[in-house]
Amino acid sequence: MAKQRKDTSVPDMNSQQSGEDTIITLSGMYQNYFLDYASYVILERAVPAVEDGLKPVQRRILHAMFEQHDGRYHKVANLIGQTMQYHPHGDAAIGEALVNMGQKELLIDCQGNWGDYRTGDPAAAPRYIEARLTKFALEVAFNPDTTVWQMSYDGRKREPVSLPMKFPLVLAMGVEGIAVGLSTKILPHNFIELIKGSIAILKGKKVDLYPDFPSGGFVDVSNYNAGGRGGKVRVRAKIREIDKKTLQITEIPFGVTTGDLIESILKANDKGQIKIKKVIDKVAADIDIEIELQPGVSPDVTIDALYAFTQCEVSISPNCCIIVDDKPVFTDVNELLRICTDNTRELLRMELEIRKHELEEKLHFASLEKIFIQNRIYRDIEECETWEAVLETIDTGLKKYVVTPADPAYAAEKKRIKLLREVTEEDLVRLTEIRIKRISKYNSFKADEEIAKLNAELEETLHHLAHLTEYAIAYFENLLSKYGKGRERKTEITKFDEIRATEVVANNAKLYVNLSEGFIGTSLKKDEFVQDCSDIDDIIAFRRDGVMKVVKVGEKVFVGKDLLYVAVWKKNDERTTYNMAYLDAGTGRTYVKRFNVTAITRDKEYQLGSSAKGSKVLYFTANPNGESEVVSVMLTAASTAKIKVFDYDFGELAIKGRDSQGNVLTKYPVKQIKQKEVGKSTIGAQKLWFDDITGRLNTQERGRLLGEFDTGDTILILYNDGSYEVTDMDVQQRFEMKDIVHVGKFNPEQIINVVHFDGIKGWTMVKRFRIETNKLRDKYSYLTDHPKSKLLFVSVQDNPRIKYSLKVKGKALTGEISLGDFMEPKGWKAVGNRLSDQLLTGVKEIDPSESKLGPTTPPAMQVDLFGGQEEDTNPEPPENTEKKTFKPGDTIEF
């Protein structure tokens, strides 16, 4: 019986052929064969190389296209066939990779229907579409002299190991690949930012890169982690409000097609998470998806719900993995850009070295040719009878006129021509090959010009080599000027506000309760209705025995018998305050307490009163804005208390935690407690902040404090299109920061000061008015209805002072006025008073203390008609300067 042995090595085929017995264990086969397979997939299929940022199939496609390149378009079917000479896989994989690169519009110039990555539409068949390399690709990706070559898979063709890529291509196009045991996902970045980043690296500066997607949208890079492992970006569609009933999606998240997006919206609507009437797909050259809302649905809340429940927001986890020296390396995009930049610099050095060598060779032979012809050395070989004698004669003749670096007198030589290297036999042979026609027509003057030109080019090349970093910077700047137009950033970098699903989900269910039996749920339609809710809400319940419990909403959930109060519970709600009076059966006393419930453990029972048997809640209310109340307390008739009926004000009681015992209300038995009157909020006005980054109101102290808002207070918004809006304190509202001039607490007595251009009359006007409209969330324009009418300046200060400028007959003039002194407030529809009979070139607010004319004294004002003396604090008026005094309402003419 043969003895078995464990073998984890690759079997030796030679030993098998020689007749030696070899036992191959399954574990050994698995370990070696699997590692070979994994290495092959990682290196040859899924992960790009750091040298050119390409996967093998992409590199072979570009190489095949370069070999076929003649400036004209080629059928994609033909290009696929050419690539199959180098790529050992099917035509489908090659075609898919070719279309993918073509859709990125960087290296391949496409013609025909190449599909649309935004909609997911496929490209036409390869026989119907054409492609060629772009000028950019030809400039940055190919140079046979600096390319390292290898044989193709069948040994018939030569293919590049990597292309000499002089550009951070992998960061521009992005890449995604799944291998065995690892994956890579490098997000695309902006073309212009990459080039500027490479220039910054060459200058020794730090660079931070952020992704830029061809589909546009918004991106939050707070957790990008430079594109390394563990990072994450959130990408959102660009949604705008057309009107109160319609939303429009104009840009979509990266990696999401319009079909997927619409399907996710419809699914969210079917689940009741959003409430819409229909989705209209108007996608053509641009993304255009319209969403019609149901009546009474808030557009702002719906936008948040779209981000929360649909693919209007997606999260992407980058994983920057690249092949370096035939090994996968995990890095980040900033380091990868540095590697690519250094690689480009090295390739430029190699190209300069090659160019230097070529120029030196041309200069060397041009010098030999000149000496050979001008000194008629060719005549000395007429009597030579052997080839060796011919070469020796030429060599001897040249030595009379040239000196080589090997000659000891090379450095001090002044008469003979200095050559850059030794004269070789190959040089002598080339001289013998000069035709008689060239010798007879040799022009010494032109030869000297050519040598001088070669010397100048060689000197320039040597200068570039000596200043390689500056040369590389100039190379990138040239790329930017030639190819940077139209490649501006498409994805807007911003910071997303956190959207809580429970706050934006549409109410898609109804909550019912059976108070006596202790059941709550959405299916108890025969029982008491509580309120509308959603299927992801939490429900808070209070029982007569003083127990509180929070559960997830369901069709039928048992929370305990003898319920007092049931409602939808919101996490971190510090406004809702519960007022409670309970009997402690252990002491016989009645306690009162006020508390909030901001955080809980779901399905856990919390004892709010006494745990003694017989303890119970005597009075309970929930107050959404922390309102106090006065209750009437009636003691039992058998009570020994002298006063058996008295009032108690909960406003005198501090709000504490839910576990607090509370204050003693009375030590006597209580018969009944009734509400007598409802008081005001004891919490006080609510502070609101406005986040200039997200354009949202909040109570989390993000952004600028707008003030304290109580019931009935509103917010004023001034837009740069010359309109205003008064809105409520709803924190779900969203505002476009690029459209807003001012956001603040609304004061009905506040005066709006405006400088605007009236397109109807062609005048610059000043108007001052108070807000007279009272309808919330409606925009009102205070400019004239004309296409050329526009807002120049707006302020809510009491009496802002402005400095303005204009041109009259080519002469720049400036002036200063205080708007409050210029005119009295009028109605908001009034056009105002004329300031100038033409459009001002500039208006800015200044501090009165900084005015060079001094404070304005009503009822007149001073206007400086001399421009160009802005830097002089005490200017001497020149001859053409005059000061005029104007009264409010007068016209300023020049």
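The lining of the second largest cavity is an even mix: three nonpolar, three polar and three charged residues. Here Ala, Val, Leu, Ile, Met, Phe, Trp, Tyr, Cys and Pro count as nonpolar, Asp, Glu, Lys and Arg as charged, and the others, Gly among them, as polar. This is a predicted model, in which local features need pLDDT of at least 70, side-chain atom pairs count only at pLDDT 80 or more, and totals for chains, interfaces and linings use all residues. Residues are numbered from 1 along each chain as its sequence is written, and side-chain values use heavy atoms, leaving out hydrogens and water.

**Cavities**
- The whole structure holds three cavities of 30 Å³ or more (a cavity is a set of points on a 1 Å grid over the protein atoms alone where a 1.4 Å probe fits but cannot get out, and lining residues have an atom within 4 Å of a point).
- The second largest has a volume of about 40 Å³, a volume being the space filled by probe spheres set on the points, with grid points joined across faces, edges and corners.
- Its lining is made by Val592, Lys593, Arg594, Leu653, Ala654, Lys656, Ser660, Gly662 and Asn663.
- Strand β28 (residues 589–595) gives the largest share of that lining, three residues (strands are DSSP runs of E, at least two residues, and helices are runs of H or I, at least four, numbered from the N terminus).
- The largest cavity contains about 60 Å³ of space, and its lining includes His63, Phe66, Trp149 and Leu163.
- Seven nonpolar and three polar residues, with no charged ones, line the largest cavity.

**Two packed helices**
- Helix α3 (residues 56–68) packs against helix α5 (residues 91–103) at an angle of about 80°, with the axes 10 Å apart (axes are lines fitted to C-alpha atoms, for helices over the stretch in contact, and angles run from 0 to 180 degrees between N-to-C directions).
- The two helices α3 and α5 are therefore roughly perpendicular, a label for angles of 65 to 115 degrees.
- Val57, Gln58, Ile61, Leu62 and Met65 of α3 meet Ala93, Ile94, Ala97, Leu98 and Met101 of α5, where contact means heavy atoms within 4.5 Å.
- The residues of this contact are nine nonpolar, one polar and no charged.

**Confidence**
- The chain has a mean pLDDT of 85, and 91% of its residues reach 70 or more (pLDDT is the predictor's confidence in each residue, from 0 to 100).
- Residues 1–19 have pLDDT below 50, and this stretch has 22 contacts beyond near neighbours in sequence.

**Gly832**
- Gly832 sits in the loop between α18 (819–822) and β48 (833–836).
- Beyond its neighbours within four places in sequence, Gly832 is in contact with Met765, Val766, Lys767 and Met823.

Terms used
1 Å grid on protein atoms, 1.4 Å probe; cavity = no way out; pocket = protein on both sides within 12 Å on 5 of 7 lines; lining within 4 Å. Parallel < 35°, antiparallel > 145°, perpendicular 65-115°, else oblique.
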